[in-house]
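Have the model open in your viewer and keep the sequence beside it. We will walk from the contact between the chains out to a few individual residues.

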Amino acid sequence: MNALNLLFTRGTMSYYEHVFIARPEVAPQQVENIVDDIKKIVSDDGGDTIYTEYWGLKKLAYKINKSEKGHYSLLRIDSSSSTVNEIERIQKLNEDILRFITIKTEEISKEPSVMLKSSEKKDVY
Amino acid sequence: MKNFLPDITQIPIRSPFLKRKKSCPLSGENAPKIDYKDTKLLKKYLSERGKIIPSRVTSVSSKKQRELAQAVKRARFMALLPYKMD
């Protein structure tokens, strides 16, 4: 039932987390442009981007079409599903994007993700 | 003199393999949240070959094991975790 009243209270908007990997040859500035394009798409369709994050040039766990490293970037958006379809269509067309994933999340937060948090302070498990 | 030593034969033999009544490390209120980006946490539940360790060994509850498996598969897709480590 919670999905239903969620639907009525917030319309068809839901929270999405989008992470993509860009080719290493691409400059970080260009990754910024890609993120800005996505922000534009989201704002055009009435959603809004809650939080964006750039993890930098990370080593990939395995080679993705010949590249060892990749620029990781994360976006948390609050939008309808049509916006997500549009974003994914753009990402597929863009050759610089090696891989991307969009996940529907229950709640959304502005704090840095685990990726940045763990690098800031060395927490010992 | 009262015999304070417990009767040795009564003590149950604890088999090392069976993790009896061990609470699931991932459920409970201050347990870490399972997130596909948290590779440090996921790595603890992967074998050294990079395979997911079965829940009967890590005594993780089945609900959390399903979430864990989904997170590991997402991390592998996003090249945060390798599919195989040799």
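## Where the two chains meet

Between chain B and chain A, about 1600 Å² of area is buried, and carbon and sulfur atoms give 69% of it. Please keep in mind that this is a predicted model. The contact draws 22 residues from chain A and 16 residues from chain B.

How many salt bridges are counted between chain B and chain A? The count is one. Glu17(A) pairs with Lys37(B), and their closest N and O atoms are 2.8 Å apart. This pair belongs to a network of salt bridges that links Glu17(A), Arg76(A), Asp35(B) and Lys37(B).

## A covered strand in chain A

Glu17(A) also takes us to strand 1 of chain A, where it is one of the buried residues. Strand 1 spans residues 14–22 and is mostly covered, with nine of its nine residues buried. In a regular strand, side chains alternate between the two faces of the sheet. Here both faces are covered: Ser14(A), Tyr16(A), His18(A), Phe20(A) and Ala22(A) are buried on one side, and Tyr15(A), Glu17(A), Val19(A) and Ile21(A) are buried on the other.

Now look at the neighbours in the sheet. Strand 1 of chain A pairs with strand 3 (residues 67–79) of chain A in the antiparallel sense, over nine bridges. To find this pairing in your viewer, start from Ile21(A), whose bridge partner in strand 3 is Tyr72(A). Strand 1 of chain A also pairs with strand 4 (residues 97–105) of chain A, again in the antiparallel sense, over eight bridges. For that pairing, start from Val19(A), whose bridge partner in strand 4 is Ile101(A).

## A helix with two sides in chain B

Turn next to helix 3 of chain B, residues 62–77. Its 16 residues reach 23 Å from the first C-alpha to the last, close to the 22 Å expected at 1.5 Å a residue. The buried residues of this helix are Lys64(B), Gln65(B), Leu68(B), Ala69(B), Ala71(B), Val72(B), Ala75(B) and Arg76(B). Viewed down the axis of helix 3, these buried residues fall within an arc of 165°, so they line one face of the helix. Lys63(B), Arg66(B) and Lys73(B), on the other side, are exposed.

What do the buried residues of helix 3 of chain B pack against? They pack against strand 2 (48–64) of chain A, together with helix 1 (39–43) and helix 2 (55–58) of chain B.

## After the helix, and two positive phi angles

Most residues other than glycine have a negative phi. Ala79(B), in the segment after helix 3 of chain B, has a positive phi near 55°. Ala79(B) is buried, with a relative accessible area of 2%. Lys66(A) also has a positive phi, of about 75°, although it is not a glycine. Lys66(A) sits in the loop between strand 2 and strand 3 of chain A, and is exposed at a relative accessible area of 75%.

The segment after helix 3 of chain B also holds Met85(B), which counts as partly exposed at 30% relative accessibility. Met85(B) and Arg49(B) are 36 residues apart in sequence, yet their C-alpha atoms are 4.7 Å apart in space. Leaving out residues up to four places away in sequence, Met85(B) touches Ser47(B), Glu48(B), Arg49(B) and Gly50(B).

## More salt bridges

Over all chains, the count comes to 12 salt bridges. One of them joins the side chains of Asp96(A) and Arg23(A), at 3.2 Å from N to O. This pair links distant parts of the chain, 73 residues apart: Asp96(A) is in the loop between helix 3 (81–93) and strand 4 of chain A, and Arg23(A) is in the loop between strand 1 and helix 2 (28–44) of chain A. Asp96(A) is buried, with a relative accessible area of 18%, whereas Arg23(A) counts as partly exposed at 29%.

Within helix 2 of chain A, Lys40(A) and Asp44(A) form a salt bridge, with their closest N and O atoms 3.2 Å apart. These two are four residues apart in the helix, so about one helical turn separates them. Lys40(A) and Asp44(A) are both exposed.

Finally, Glu68(A) forms a salt bridge with Lys59(A), their closest N and O atoms being 3.5 Å apart. Glu68(A) is partly exposed, at a relative accessible area of 36%, and Lys59(A) is exposed, at 57%.

Technical notes: Residues are numbered from 1 along each chain as its sequence is written. Chains are lettered from A and ligands numbered from 1 in the order in which they are written. This is a predicted model: local features need pLDDT of at least 70, side-chain atom pairs count only at pLDDT 80 or more; totals for chains, interfaces and linings use all residues. Side-chain values use heavy atoms; hydrogens and water are left out. The expected span of a helix is 1.5 Å times one less than its number of residues. Buried means under 20% relative accessible area, exposed over 50%, partly exposed in between (1.4 Å probe, protein chains only). The arc is that of the directions from the helix axis to the C-beta atoms. Contact means heavy atoms within 4.5 Å. Two strands pair if DSSP finds at least two bridges between them. Buried area is the accessible area (1.4 Å probe) that two parts lose on being put together, summed over both. A salt bridge is a side-chain nitrogen of Lys or Arg within 4 Å of a carboxyl oxygen of Asp or Glu.
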